[in-house]
Amino acid sequence: MAVQAAKRQLDRIRLEQIERQKTDEREKQLKAMSEKQREIRQKQAEEIAKEALEDYQNGRFKEAEEKFHKSVELNPNETSYYFRFGVTLYRNEKFNESLVILKLTPEAPDILLEKKYYMALCHMRLNELDLALSYLKEVGQVKDSPLAPSALFYQGIILYGKEDYESAKLPFEQVIDTSSDPKLDQQAEEYLDRIVILVQQKKAMAKKIFVNERRGRR
């Protein structure tokens, strides 16, 4: 797993370098145009991005990806296209590529939290759990964000998977305190119930081992 994670990281560095070079070239081309040409190009990008957003909202993620990519090529100065492109790549399960595009998206205040949320989900799907946790913790701390309950829930899931049951309890409890989604609340409660059982089982097993060790020394 460590070797695979390192390879993915190298792939991301390479992809990021390539994408930055492409972006620089696109920006140079845009600057070299007349004001009228730029206006036409930007208008085309805007129209294609609107079509892409409609495709995205209707679950046509493959079509949305192609159109967001085109809008980025036409107008590299519009940062919202990069963000939407990155999220669409996530929907199409292109997690490494999504991370590259999301990283290149400027950290505008209106999308910063959502950007970190999707970066966390990408790392989670790639089984890069420590990186996922770091982003999820940031998002989960912003209590007035609608993304916070989901971020807290995924924190709990990761910690539960690591068998760190005591640490997993807090984010699940915070989900119940902050979420307005009954389904999410129910799932968090189910995990808390499982944690109680698993902690009891671990304690019982530890006690049994201790008793057997004492008997063995007699």
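I begin with one polar contact: the backbone oxygen of Leu102 lies 3.2 Å from a polar atom of the Lys115 side chain. Please bear in mind that the model is predicted.

Where does Lys115 sit? Its place is in helix α6. Is Lys115 buried or exposed? Its relative accessible area is 3%, and the cut-off for burial is under 20%, so Lys115 counts as buried. Leaving aside residues up to four places away in sequence, Lys115 touches Phe83, Leu102, Lys103, Thr105, Pro106 and Glu107.

One of those partners, Phe83, leads us to the packing of α4 on α6, since Phe83 belongs to the α4 side of that contact. The axes of α4 and α6 are 11 Å apart, and the helices pack at an angle of about 25 degrees. Angles under 35 degrees count as roughly parallel, and therefore α4 is roughly parallel to α6. The crossing in which α4 passes α6 is left-handed. On the α4 side, the contact is made by Phe83, Val87, Tyr90 and Arg91. From α6 come Glu114, Lys115, Tyr118, Leu121, Cys122 and Arg125.

I turn now to helix α1, which covers residues 2-32. With 31 residues at 1.5 Å a residue, α1 should span 45 Å, and its end C-alpha atoms are indeed 45 Å apart, so expectation and model agree. Which residues of α1 are buried? They are Arg8, Arg12, Glu16, Glu19, Thr23, Arg26 and Leu30. On the general point of spacing, an α-helix has 3.6 residues a turn, so residues three or four places apart point the same way. What covers the buried residues of α1 includes α2 (35-57), α3 (61-74), α4 (79-91), α5 (95-104) and α6 (112-125).

How values were computed:
Residues numbered from 1 in each chain as written. Predicted model: local features only at pLDDT ≥ 70, side-chain atom pairs only at ≥ 80, totals over all residues. Heavy atoms only, no water. Helix = DSSP H or I, 4+ residues; strand = E, 2+ residues; numbered from the N terminus. Expected span 1.5 Å × (residues − 1). Buried < 20%, exposed > 50% of the residue type's maximum accessible area, 1.4 Å probe, protein only. Contact = heavy atoms within 4.5 Å. Polar contact = N/O pair within 3.5 Å; in protein donor to acceptor, adjacent residues only side chain to side chain. Axes fitted to C-alpha atoms, helices over the stretch in contact; angles between N-to-C directions. Parallel < 35°, antiparallel > 145°, perpendicular 65-115°, else oblique. Left-handed = near helix turned anticlockwise from the far one by under 90°.
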